[in-house]
Amino acid sequence: MRFYQNINSIRNMNVKVICDDNVIYEGNVENAPEDVGKMLYYDIKLGSTTELYTTKKEII
């Protein structure tokens, strides 16, 4: 699995952060909690609300 940048690298966008099939944050990316903002995403789906997919599983 390839990871991209952290969620804080995205600006001025409404996002839905999905971690292991659970929505952990929904709202403006600038208002996301710090721990969510530091997460790396591996997939993105653009739309009126951009979906960012991330995981807490360790990748070896």
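**Notebook: a first walk through the chain**

I began at a loop: Asp-21 sits in the stretch linking strand 1 and strand 2. I noted right away that I am working with a predicted model.

**Entry 1: the loop with two aspartates.** I looked up the backbone of Asp-21 and found a positive phi of about 70 degrees, although this residue is not a glycine. I then checked its cover: Asp-21 is exposed, because its relative accessible area of 76% is over the 50% cut-off. Next I turned to Asp-20, which lies in the loop between strand 1 (14-19) and strand 2. Asp-20 also has a positive phi, about 50 degrees in its case, and is not a glycine either. Its relative accessible area is 33%, so I wrote Asp-20 down as partly exposed.

**Entry 2: a partner for Asp-20.** Which side chain joins that of Asp-20 in a polar contact of 2.6 Å? I found that it belongs to Thr-55. I placed Thr-55 in the segment after strand 4 (50-54). Thr-55 is buried, because its relative accessible area is 14% and the cut-off is 20%. Setting aside residues up to four places away in sequence, I listed what Thr-55 touches: Met-1, Phe-3, Cys-19, Asp-20, Met-39 and Tyr-42.

**Entry 3: stepping back.** I wanted the order of the elements, so I read the chain from the N terminus. The elements run β-β-α-β-β, and the chain has 1 helix and 4 strands. The radius of gyration is 11 Å, close to the 10 Å that the globule rule gives for 60 residues, so the chain is as compact as a globular protein of that length. I also boxed the C-alpha atoms along the principal axes and got roughly 30 × 20 × 20 Å.

**Entry 4: contacts, surface and charge.** How much of the contact list with a separation of 6 or more comes from residues 24 or more positions apart? I noted 50%. Of the 60 residues, 30% count as buried. The chain exposes about 4300 Å², and carbon and sulfur atoms supply 45% of that area. For the charges, I compared the mean position of the 7 positive ones with that of the 9 negative ones, and they are 3 Å apart.

**Entry 5: Thr-50 in strand 4.** Is Thr-50 buried or exposed? I found Thr-50 buried, with a relative accessible area of 2%. Thr-50 belongs to strand 4. Beyond its neighbours within four places in sequence, Thr-50 meets Met-13, Asn-14, Val-15, Lys-16, Ile-44 and Lys-45.

**Entry 6: Ile-24 and Leu-40.** I found Ile-24 in strand 2 (residues 22-28). Ile-24 is partly exposed, at a relative accessible area of 36%. Apart from neighbours within four places in sequence, the contacts of Ile-24 are Val-17, Cys-19, Val-36 and Met-39. Leu-40 took me to the loop between helix 1 (34-37) and strand 3 (43-45). Leu-40 is also partly exposed, at 40% relative accessibility. Its contacts, again without neighbours within four places in sequence, include Phe-3, Tyr-4, Tyr-53 and Thr-54.

I closed with two distances between C-alpha atoms. Leu-40 and Ile-24 are 16 residues apart in sequence, and I noted 14 Å between them in space. Ile-24 and Asn-12 are 12 residues apart along the chain, and their separation is 19 Å.

How values were computed:
Residues numbered from 1 in each chain as written. Predicted model: local features only at pLDDT ≥ 70, side-chain atom pairs only at ≥ 80, totals over all residues. Heavy atoms only, no water. Helix = DSSP H or I, 4+ residues; strand = E, 2+ residues; numbered from the N terminus. Rg over C-alpha atoms; globule rule 2.2 N^0.38 Å. Buried < 20%, exposed > 50% of the residue type's maximum accessible area, 1.4 Å probe, protein only. Contact = heavy atoms within 4.5 Å. Areas by Shrake-Rupley, 256 points an atom, 1.4 Å probe, with all protein chains shown as cover. Lys, Arg positive; Asp, Glu negative; His and termini not counted. Charge placed at Lys NZ, Arg CZ, Asp CG, Glu CD. Polar contact = N/O pair within 3.5 Å; in protein donor to acceptor, adjacent residues only side chain to side chain.
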